[in-house]
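The exercises below are meant for a reader who is meeting this structure for the first time. Work through each task with the sequence and the model open, and then compare your reasoning with the solution that follows.

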Amino acid sequence: MDMQVSKSGASPVLRVEGLSKQFEMHHLRRTLYAFEDLNFELGEGEFILLKGENGAGKSTLLRTLYRSYRPRAGHAFYHTKEGVIDLAAAADVDIAVLRRREIGFVTQFLNARPRVAAEEVVAEPLRLAGTPHAEALVEARRWLAAFGVKKQLWPAYPSTFSGGEQQKVNLARALILPQRLLLLDEPTASLDHTARKALVDRLTELKASGVAMIGVFHHPEDVAGLIDREIHLKAIKIEDEADNVVQ
Ligand SMILES: Nc1ncnc2c1ncn2[C@@H]1O[C@H](COP(=O)(O)OP(=O)(O)O)[C@@H](O)[C@H]1O
Ligand SMILES: [Mg+2]
């Protein structure tokens, strides 16, 4: 695949080279190629829309960039203020620091600890970054309101919330602290109109402040105004042990 270079000349945040991921399905004696030899660049304030059919490897790419998965080959050079780090090879401790400070992953699912109030769940990233508790709570409530979470629910536990309400708490938490790189995996799937609009408004603001984003969207028309480039992932190939391509 040709290298997709950012045209704007924005300073680079991420440079992906030859990135490949496969899953060995030992029980089936098959190799499943999620994606092969991906090359692209993402600069400050740029937005890449990731497209492809179900099973094309979109979530796998985002998880590989977040380093929930290790790639089979290739590099994902992430530019920090201190220097460049290859997300494909970095130590787990370095990845943990990046996840706290610089790289955010936004899905539709909330992974909330039990018996923590919604407003505390949302305020936590700010508190970890050093914002005083009272100030972080004010900001958290502002974001809960923006995403349409009813005021009565702010001090309640998200584990008791409906799926849609949990999604809104999740988005407020994921987007409260601007990061340098945001990975978005269908964050709007099954959200109502208010929350979708609040999300797009927040992404617009983050993009303007220089946050780089790559994401999959259930309703790509929502983010049409933000897209700088698109990456199309093709459906996977499966190879059986005799090296015959099955699909
Ligand atoms: N942990 C895993 N182990 C084995 N196969 C996986 C794993 N994660 C994803 N896959 C497979 O990789 C392919 C791509 O999945 P995914 O990235 O979730 O697709 P998309 O997000 O584009 O719908 C699918 O065929 C899926 O079953
Ligand atoms: Mg997916």
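**Exercise 1. Find what covers the buried residues of helix 3, and describe where this helix ends.**

Solution. The model is a predicted one, and in it the cover over the buried residues of helix 3 includes helix 4 and helix 5. The next step is to list the residues that are covered: A118, E119, V121, V122, A123, P125 and L126 are the buried residues of helix 3. An α-helix has 3.6 residues a turn, so residues three or four places apart point the same way. The last step is to look just after helix 3, where G130 takes a positive phi of about 105°.

**Exercise 2. Decide whether T107 and R115 are buried or exposed, given that a residue is buried under 20% relative accessible area and exposed over 50%.**

Solution. Begin with the location: T107 is found in the loop between strand 6 (103–106) and helix 3, and R115 lies in the loop between strand 6 and helix 3 as well. T107 has a relative accessible area of 18%, so it counts as buried. Beyond its neighbours within four places in sequence, T107 is in contact with N170, L171, D185 and P187. R115, by contrast, has a relative accessibility of 64% and therefore counts as exposed. Its backbone deserves a further look, since R115 has a positive phi of about 55° although it is not a glycine.

**Exercise 3. Describe E186, starting from its place in the chain.**

Solution. E186 is found in the loop between strand 7 and helix 6. Its relative accessible area is 23%, so E186 is partly exposed. The phi of E186 is near 50°, which is a positive value in a residue other than glycine.

**Exercise 4. Which residues have the most contacts inside the largest nonpolar core, and which elements contribute two or more residues to this core?**

Solution. The largest nonpolar core has 41 residues, and those with the most contacts inside it are V169, L175 and L203. Two or more residues of this core come from each of strand 3 (47–51), helix 3 (118–128), helix 4 (133–146), helix 5 (163–175), strand 7 (181–185) and helix 6 (193–208). Helix 6 gives the largest share, six residues. To see the surroundings of one of the central names, take L175, which touches V106, F147, L182, L199, R202, L203 and L206 when residues up to four places away in sequence are not counted. Another core, of 31 residues, lies apart from the largest one, and among its members are F40, I85, L87 and A212.

**Exercise 5. What surrounds L184, and how many Å separate L184 from Y33 in space?**

Solution. L184 lies in strand 7, and it is buried, with a relative accessible area of 0%. Leaving aside neighbours within four places in sequence, its contacts are L62, V106, L203, M213, I214, G215, V216 and F217. L184 and Y33 are 151 residues apart in sequence, and from C-alpha to C-alpha they are 22 Å apart in space.

**Exercise 6. Judge why the chain counts as compact as a globular protein of its length.**

Solution. Start with the inventory, which is six helices and ten strands. The radius of gyration is 19 Å, close to the 18 Å that the globule rule gives for 247 residues, so the chain is as compact as a globular protein of that length. Along its principal axes, the C-alpha trace spans about 60 × 40 × 35 Å. Finally, buried residues make up 48% of the 247 residues.

How values were computed
Residues numbered from 1 in each chain as written. Chains lettered and ligands numbered in written order. Predicted model: local features only at pLDDT ≥ 70, side-chain atom pairs only at ≥ 80, totals over all residues. Heavy atoms only, no water. Core = buried A, V, L, I, M, F, W, Y, C linked by side-chain atoms within 4.5 Å. Buried < 20%, exposed > 50% of the residue type's maximum accessible area, 1.4 Å probe, protein only. Helix = DSSP H or I, 4+ residues; strand = E, 2+ residues; numbered from the N terminus. Contact = heavy atoms within 4.5 Å. Rg over C-alpha atoms; globule rule 2.2 N^0.38 Å.
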